[in-house]
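Got your viewer ready? Here is a short walk through one model, with a selection to make at each stop.

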Amino acid sequence: RVLDMTHVQSGPSATQLLAWLGADVVKLEAPGGDITRRQLRDVPGVDSLYFTMLNANKRSITLNTKTPRGREILTDLIARSDVMVENFGPGAIDRMGFTWERIQEINPRIVYASIKGFGDGPYTAFKAYEVVAQAMGGSMATTGFEGGPPMATGAQIGDSGTGVHAVAGILAALYQRTHTGRGQRVQVAMQHAVLNLCRVKLRDQQRLAHGPLAEYPNEDFTDEVPRSGNASGGGQPGWAVKCAPGGPNDYVYVIVQPVGWQPLAQLIGHPELADDPEWATPEARLPKLAKMFQLIEEWTTTQPKWRVLEELNRHNIPCGPILSTKEIIDDESLKANEIVVDVDHPERGTYTTVGNPLKLSDSPTTIHRSPLLGEHNHDIYTTELGIHEDELPGLKAQGVI
């Protein structure tokens, strides 16, 4: 059982993944509910897609932990849980009276996971949001085009990326418990998770001490890793090239491997470059990356991206079309893999969400809708905690639930 005291995205993304992996996740919300139930609503008075897409396969209870009776009930919930997860501001759980020491007293076997914006130090009290974590974790400084401003990525590496890191720590602690019998503290900072995902940029920061980064298309280098557009920055150069008819997502990302140069040169109508010493080797092409991708783009702009994809794959050249969100939500292969899933909701009807990306052979996942606020109060409080049914109306009237 996971006692889910999280809200917004970083924490709920972690507990949703645990729910998909089979945990009984009990989402504890203040009587007003997770704020994302009301944020970015597209249907008045109904839980938003922001909430429903981060809280599948969970049960919901409401509890005011600022009341004495609420703290008593929370104590009972902690005693009955294997994992507790929270992503409140620093010290919020401590101020409720539930320090790590107190939690261990209540349940020595519990794994207590906290997601914060930053680790201990000068940033500890800073408020953390997705793009703040990207800004301070190395992502924004290295994303964008040369000469342009720092850019955020559309991937939620600060929130959901941190959630995945938290799941890894929680599962490790649960496995360790099978050896020690004890739970432990798991702490993950959003800034740290983003930096972990940007480790190759720290690799390149150190490589700069030995000269310019030849794999980057940039002409000028300082003592900091530059923004390099769509360059792969890795061992094999890559770029997003335009395709017909020239829409905002009519692009294919192409990787040029050494073995792929000869068929690619033939395909783009320049077979002579396959054996030209000025072009034939990766070392010869590195100083001319911009020109190389220009030649490729002169061919790709004459055909739609799906035709380009077909031709490149026929020659075993690594590539991928830039898929719009509309193309992704309509993609039949993603639906067949149950990574794009339709779910029925009693108030909003059918909505589309992302399914479990982790596929286990003996543990298939069925995606269930997110819970309504307090939907499982009766089941958990009376059936599982043993609170008498007659007490529930009074607890509601007193603002405890």
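Before you start clicking, keep in mind that this is a predicted model.

**Stop 1: glutamate 29**

Start by selecting glutamate 29 and showing its side chain. Which side chain does glutamate 29 make a polar contact with? Its partner is serine 60, at 2.9 Å from side chain to side chain. Now colour by secondary structure: glutamate 29 belongs to strand β2, which covers residues 25–29. Is glutamate 29 buried or exposed? With a relative accessible area of 3%, glutamate 29 is buried, because the cut-off for that label is under 20%.

Next, bring up the surroundings. Leaving aside residues up to four places away in sequence, glutamate 29 touches Asp34, Arg37, Phe51, Ser60, Ile61, Thr62, Leu63 and Leu373. Keep Arg37, Phe51 and Ser60 from that list on screen; you'll want them again at the proline stop.

**Stop 2: the rest of β2**

Widen the selection to the whole of β2. In a regular strand, side chains alternate between the two faces of the sheet. Here, try colouring Val25, Lys27 and Glu29 for one side, and Val26 and Leu28 for the other; they are all buried, so both faces of β2 are covered. Put as a count, five of the five residues in β2 are buried.

Now add strand β1, residues 2–5. β1 and β2 pair in the parallel sense, over three bridges. To pick out one pairing, click valine 2: its bridge partner in β2 is valine 25.

**Stop 3: proline 371**

Jump along the chain to proline 371, in the loop between β11 (349–354) and α16. Though it sits in a loop, proline 371 is buried, with a relative accessible area of 1%. What does proline 371 touch, not counting residues up to four places away in sequence? The contacts are Arg37, Asp47, Phe51, Asn55, Lys58, Arg59, Ser60 and His376. Arg37, Phe51 and Ser60 are among them, and glutamate 29 touches those three too.

Switch to C-alpha atoms and draw a distance from proline 371 to asparagine 57. You should get 7.8 Å, for two residues 314 places apart along the chain.

**Stop 4: glutamine 16**

Select glutamine 16 next, in helix α1 (residues 10–20). Where does the side chain of glutamine 16 reach? It goes to the backbone nitrogen of alanine 56, at 2.8 Å. Glutamine 16 counts as buried at 5% relative accessibility. Its contacts, again without residues up to four places away, are Thr52, Met53, Leu54, Asn55, Ala56 and Lys58. Asn55 and Lys58 also appear among the contacts of proline 371.

**Stop 5: the salt bridges**

Time for charges. Side chains of opposite charge can pair when their charged atoms come close. How many salt bridges does a search of the whole structure find? There are 25, and a few of them make good stops.

- Arginine 69 and glutamate 391: the closest N and O atoms are 3.0 Å apart. This pair links distant parts of the chain, with arginine 69 in helix α3 (residues 68–79) and glutamate 391 in the loop between α16 (377–384) and α17 (392–397), 322 residues apart. Arginine 69 is partly exposed at 25% relative accessible area, and glutamate 391 is partly exposed at 30%.
- Arginine 102 and glutamate 105: this salt bridge is 3.3 Å, N to O. The two are three residues apart in helix α5 (residues 100–106), so about one helical turn separates them. Arginine 102 counts as partly exposed at 32% relative accessibility, while glutamate 105 is exposed at 57%.
- Aspartate 330 and lysine 326: here the closest N and O atoms are 3.3 Å apart. Aspartate 330 is partly exposed, with a relative accessible area of 39%, whereas lysine 326 counts as exposed at 57%.

For a group, select Arg1, Asp24, Arg59 and Glu384 together: salt bridges with shared partners join them into one network. You have already met Arg59, as one of the contacts of proline 371.

**Stop 6: out to the surface**

Finish with the surface display on. Select Leu21, Leu171, Leu358 and Leu360, which form a nonpolar patch with about 310 Å² of accessible area together. Then zoom in on leucine 171, in helix α7 (residues 160–180). Leucine 171 is partly exposed, with a relative accessible area of 39%.

Terms used
Residues are numbered from 1 along each chain as its sequence is written. This is a predicted model: local features need pLDDT of at least 70, side-chain atom pairs count only at pLDDT 80 or more; totals for chains, interfaces and linings use all residues. Side-chain values use heavy atoms; hydrogens and water are left out. Helices (H or I, at least four residues) and strands (E, at least two) are DSSP runs, numbered from the N terminus. Buried means under 20% relative accessible area, exposed over 50%, partly exposed in between (1.4 Å probe, protein chains only). A polar contact is a pair of N or O atoms within 3.5 Å; within protein, one must be able to donate a hydrogen and the other to accept it, and residues adjacent in sequence count only if both atoms are side-chain atoms. Contact means heavy atoms within 4.5 Å. Patches are made of residues with over 30% relative accessible area and no salt bridge: like charges are joined within 9 Å, nonpolar side chains (Val, Leu, Ile, Met, Phe, Trp, Tyr) within 5 Å. Accessible areas come from the Shrake-Rupley method with a 1.4 Å probe; for residues, only the protein chains shown count as cover. A salt bridge is a side-chain nitrogen of Lys or Arg within 4 Å of a carboxyl oxygen of Asp or Glu. Two strands pair if DSSP finds at least two bridges between them.
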